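Please examine the protein shown here. The questions that follow concern its strands, its core and one of its residues.

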Amino acid sequence: MECQDPKCPIHGNVKTHGYEIEGVVVSDKAQKTAIVEHAYTTFLGKYERSLRKTSRIAAYNPDCIKARAGDRVVIVGTRRLSKTKSFAVTKVIKRGE
Ligand SMILES: [Zn+2]
């Protein structure tokens, strides 16, 4: 079946830009949306320690990818697709259970 989604980052007419972020899908409840959590470290100069932080990004989840909760995915920046989405899922690295 051909993908007809105009907002699909692979088959549609949405350009991607910026770097890729790897993360884990924590929610796939909203339509065509995946909430992707990714962990990163930053350095806090005052205490000379690095911290682990997580952030959650809402990403467009087209039907041809269909990422589900628990999947490890790659997201990439796009134009703003809705109020909260300016990223799109481009591939699934590893399917969760
Ligand atoms: Zn597609």
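The dialogue below moves from the whole chain to single residues.

Tutor: This is a predicted model, in which local features need pLDDT of at least 70, side-chain atom pairs count only at pLDDT 80 or more, and totals for chains, interfaces and linings use all residues. Residues are numbered from 1 along each chain as its sequence is written.

Student: Which pattern does the protein follow along the sequence?

Tutor: Helices (H or I, at least four residues) and strands (E, at least two) are DSSP runs, numbered from the N terminus. The protein has zero helices and five strands. Its pattern is therefore β-β-β-β-β.

Student: Which element gives the most to the largest nonpolar core?

Tutor: A nonpolar core is a set of buried Ala, Val, Leu, Ile, Met, Phe, Trp, Tyr and Cys residues joined through C-beta atoms within 7 Å. The largest one has 13 residues, and among those touching the most other members are Ala-34 and Val-73. Two or more residues come from each of β1 (16-27), β2 (33-44), β3 (49-60), β4 (72-78) and β5 (87-94). The element giving the most, with three residues, is β5.

Student: Is Thr-41 buried or exposed?

Tutor: A residue is buried if 20 or more other C-beta atoms lie within 10 Å of its own, exposed if 12 or fewer, and partly exposed in between, with C-beta atoms placed from the backbone. Thr-41, which is found in strand β2, has 8 C-beta neighbours inside 10 Å. Therefore Thr-41 counts as exposed.

Student: How far apart in space are Thr-41 and Lys-53, C-alpha to C-alpha?

Tutor: In sequence, Thr-41 and Lys-53 are 12 residues apart. In space, their C-alpha to C-alpha distance is 5.9 Å.
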